[in-house]
Amino acid sequence: MFEIDRAVIEINGGCNYTCAMCPQTTSEGKTGARGKNWLKKMPLDLFEEAVKQCASAGGLNVVNLEGSGEATLNPDLPLYIEIVKKYKAKAYIFSNGFKMHGKFMEDCVDAGLDFYRFSIIGYNADLYLQWMNSTNFEKVVDNLHRMQQYVRDTGASTEVATYHLVLDNDNIEHEVSEYRKIVESAGVHTEIWKMHNWSGIYNPEYERSGKIKTCGRPFSPDIVIRAGGTDGKAGAVHPCCQVLGRDDEAVLGHFSENTVEEIMTGKLYEKLREQHRTGNYPDFCKDCDFLIDDPETLVYTNSGRSEMHMNGTKFSLNDFR
């Protein structure tokens, strides 16, 4: 018996950004860390079947549509949102926000989008260019304001938020202050975090310190389904989004081959749970800094969410650690 509270179902595996700290495009100095097999779009019918099966398990509360790719590159995004709402779940998207404007933005909000988070790494144009490799800082901030205004004007229930990373750990107070100028001018919720290491793929500018123990994800009512997969398959299931850049080695099954229940209760997923029970972590987990119990990683938030409480869900990972 299993239950799913949050389903991360990636509708597009590729991205239009090449951020310095993201193994989507960069890993250990090498470009193309995510192979072509992982850059697919998820067909609408396969997506609906995934949502349907997750909802049938009971307890489905949130569906994230981005996984590790950029959801707004899928031109049919409003249709995917409508499917999530059809199954009485909340539709969440974490995004760079570049394409979220105009009629496309309005259609997404009108489709019932519940939560949209702009990832803005760098609090001015120069730092944004350095870390997100893009000159779109002003445009994205403008998109943030325009989306929030549209929500207000229409009375939509969409929550607009931002996400930021600390770039200099010796200057945290100043960086938080600068990020807050963006946040408060738009009147949105935010979270500001220290960087993490993507299961050991990336070497951030700081080291977490604390006791090593399971992150809790293999035991939680949480599933991550990618758009792509290995050997021409689709809908690969991963233990979490932190294995981005180690996509091939972290596959626990393919939704194109098996049901959600078969994967979640299958031998590979149960083996992962046992490895987390014993502390004998697999290679794609053992160097991940999410195993380190460090309460200082969430630097600032005005949303009231704790570090271990997953966005929009009813569960906290602390309950499974």
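The dialogue below works through confidence, cavities, cores and backbone geometry in a predicted model.

Me: How much confidence does the predictor place in the protein chain, as given by the average pLDDT?

Reply: The general idea is to take the average and then look for weak stretches. In this predicted model, the protein chain averages a pLDDT of 93, and 97% of the residues score at least 70. Residues 27–32 fall below 50, and this stretch has six contacts in the model beyond near neighbours in sequence.

Me: How many cavities of 30 Å³ or more does the model contain?

Reply: Rolling a probe the size of a water molecule over the atoms shows where empty space is left. In this structure the count comes to three cavities of 30 Å³ or more. The largest cavity holds about 970 Å³ of space. Its lining comprises 44 residues, and F94, R117, Y163, H196 and W198 are the closest to its centre.

Me: Which strands each supply at least two residues of the lining of the largest cavity?

Reply: They are β1 (6–9), β5 (90–95), β6, β7 and β8. By residue class, the lining of the largest cavity divides into 21 nonpolar, 13 polar and 10 charged residues.

Me: What is the volume of the second largest cavity, and which residues lie nearest its centre?

Reply: The second largest cavity has a volume of about 90 Å³. Fourteen residues line that cavity, with C215, C240, H276, C285 and C288 nearest the centre. The lining of the second largest cavity consists of 10 nonpolar, three polar and one charged residue.

Me: Turning from cavities to pockets, what is the volume of the largest pocket, and which residues lie nearest its centre?

Reply: A pocket is an open set of points, whereas in a cavity the probe cannot get out. Here the largest pocket has a volume of about 190 Å³. There are 14 lining residues, and F115, E159, E191, S303 and N311 lie nearest the centre of the pocket. The strands β6 (115–119), β7 (159–165) and β8 (189–193) each contribute at least two residues to this lining. In the lining of the largest pocket, three residues are nonpolar, seven polar and four charged.

Me: Which residues touch the most other members of the largest nonpolar core?

Reply: A core is read by asking which buried nonpolar side chains are joined to one another. The largest nonpolar core here has 94 residues, and F47, L65 and L77 touch the most other members. Helix α5 (residues 137–154) gives the most to this core, with seven residues. A second, separate core has five residues, including V62, Y92, F94 and A161.

Me: Which residues does L77 touch, not counting those up to four places away in sequence?

Reply: With that exclusion, L77 touches I11, L65, A71, T72, I93, M100, F104 and C108. The C-alpha atoms of L77 and L44 are separated by 9.6 Å, the two residues being 33 apart along the chain. L44 itself belongs to helix α1. Leaving aside neighbours within four places in sequence, L44 is in contact with L79, Y80 and I83.

Me: Why does L44 count as partly exposed?

Reply: The partly exposed class runs between 20% and 50% relative accessible area. L44 has a relative accessible area of 32%, and is therefore partly exposed. A55, in helix α1 (residues 44–56), counts as partly exposed because its relative accessibility is 24%. Residues up to four places away in sequence aside, A55 touches L60 and Y87.

Me: How far apart in space are A55 and C22, and how far apart are T265 and F2?

Reply: Separation along the chain and separation in space are read as two values. A55 and C22 are 33 residues apart in sequence and 31 Å apart in space, C-alpha to C-alpha. T265 and F2 are 263 residues apart in sequence and 7.8 Å apart in space, again C-alpha to C-alpha. T265 is found in the loop between α7 (260–264) and α8 (267–278).

Me: Where do K88 and N133 lie, and what are the phi values of K88 and N133?

Reply: Most residues other than glycine have a negative phi. K88, in the loop between α2 (77–86) and β5, has a positive phi near 65 degrees and is not a glycine. K88 is exposed, with a relative accessible area of 73%. N133 lies in the loop between α4 (125–132) and α5. Its phi is also positive, at about 55 degrees, although N133 is not a glycine.

Methods. Residues are numbered from 1 along each chain as its sequence is written. This is a predicted model: local features need pLDDT of at least 70, side-chain atom pairs count only at pLDDT 80 or more; totals for chains, interfaces and linings use all residues. Side-chain values use heavy atoms; hydrogens and water are left out. On a 1 Å grid over the protein atoms alone, a cavity is a set of points where a 1.4 Å probe fits but cannot get out, and a pocket is an open set with protein on both sides within 12 Å along at least five of seven lines; lining residues have an atom within 4 Å of a point. Grid points are joined across faces, edges and corners, and a volume is the space filled by probe spheres set on the points. Helices (H or I, at least four residues) and strands (E, at least two) are DSSP runs, numbered from the N terminus. Ala, Val, Leu, Ile, Met, Phe, Trp, Tyr, Cys and Pro count as nonpolar, Asp, Glu, Lys and Arg as charged, and the others, Gly among them, as polar. A nonpolar core is a set of buried Ala, Val, Leu, Ile, Met, Phe, Trp, Tyr and Cys residues joined through side-chain atoms within 4.5 Å. Buried means under 20% relative accessible area, exposed over 50%, partly exposed in between (1.4 Å probe, protein chains only). Contact means heavy atoms within 4.5 Å. pLDDT is the predictor's confidence in each residue, from 0 to 100.
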